[in-house]
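Student: Please give me a close look at a single part of this model. Start at the surface, then go inside.

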Amino acid sequence: MSYPSAPWILKGDAIQTLHLVNIDQVRRLVPAGLDIISVWPGKTLGGVYLSQYKSGSVLEYNELIVAPAVVIYQGKIGVWVSHIYVDNADSVAGGREIWGLPKELADFTWAEKRVTVRQGDVLLCTLNYDQQSLRWRQRLGAASFSTMGTNLLKFDFDFESCLGLVGSKLEVAAESPFSGIGLNQPFATVGCEQMTLQVNAPKVVGQRTG
């Protein structure tokens, strides 16, 4: 198994859904020591990210990321990833061994404005989306937390993309491992076209508790 060292440069397109989820419903998915940020009484911000990394990337693969909460640790803000799926074994190995992300293999089917993700015979989710409109070129950065052994990690990522709002309908199958998060119809969905994403190496920021 071989994979490139960090940072990873990934190029392609992505769809990001945004949801208000119940904090009490997702607290069990977030390690002790990370505080969940409330963006509305009893609610945090969650999301589903679906992408295709194409030619020009350090690895070419499809990806599904489920982030049930925005969290804070010692003044540092980031997202927590509870589930992540790809269709490239090298990406699984790199994700686990570099960033401590719980990557698993899955199958992706992209059709006209529709993507379906399955893991073996289990349907994970289906996203239908509309044509992207009102594109504007934007450069943004954010951060994510993860764990490796007893270490709590934080890593930054930066991306530049043509962004635009799209209409979407997300269906999370009842048998999906993340069906209990409460990812109902998103309040907003953002399309990311002609995207360049840089995922930087993680840094140890603390120790796991509990």
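Tutor: Leu20, Val39, Trp40 and Phe187 make up a nonpolar surface patch, together offering about 450 Å² of accessible area. A patch takes residues with over 30% relative accessible area and no salt bridge; nonpolar side chains (Val, Leu, Ile, Met, Phe, Trp, Tyr) are joined within 5 Å, like charges within 9 Å. A salt bridge puts a Lys or Arg side-chain nitrogen within 4 Å of an Asp or Glu carboxyl oxygen. Areas are Shrake-Rupley values with a 1.4 Å probe, and only the protein chains shown count as cover.

The model is predicted: local features need pLDDT of at least 70, side-chain atom pairs 80 or more, while totals for chains, interfaces and linings use all residues. Numbering starts from 1 along each chain as its sequence is written, and side-chain values use heavy atoms, without hydrogens or water.

Trp40 sits in the loop between strands E2 (35-36) and E3 (43-53). Strands are DSSP E runs of at least two residues, helices H or I runs of at least four, numbered from the N terminus. Trp40 counts as exposed because its relative accessibility is 57%; exposed means over 50%, buried under 20%, partly exposed in between.

Now go inside. The largest nonpolar core has 33 residues, and Leu64, Val117 and Phe178 touch the most other members. Such a core joins buried Ala, Val, Leu, Ile, Met, Phe, Trp, Tyr and Cys through side-chain atoms within 4.5 Å. Strand E11 gives the largest share, four residues. Beyond its neighbours within four places in sequence, Phe178 has contacts (heavy atoms within 4.5 Å) including Leu64, His83 and Leu183. Another core, of 24 residues, lies apart; Trp99 and Phe155 are among them.

How values were computed: Buried means under 20% relative accessible area, exposed over 50%, partly exposed in between (1.4 Å probe, protein chains only).
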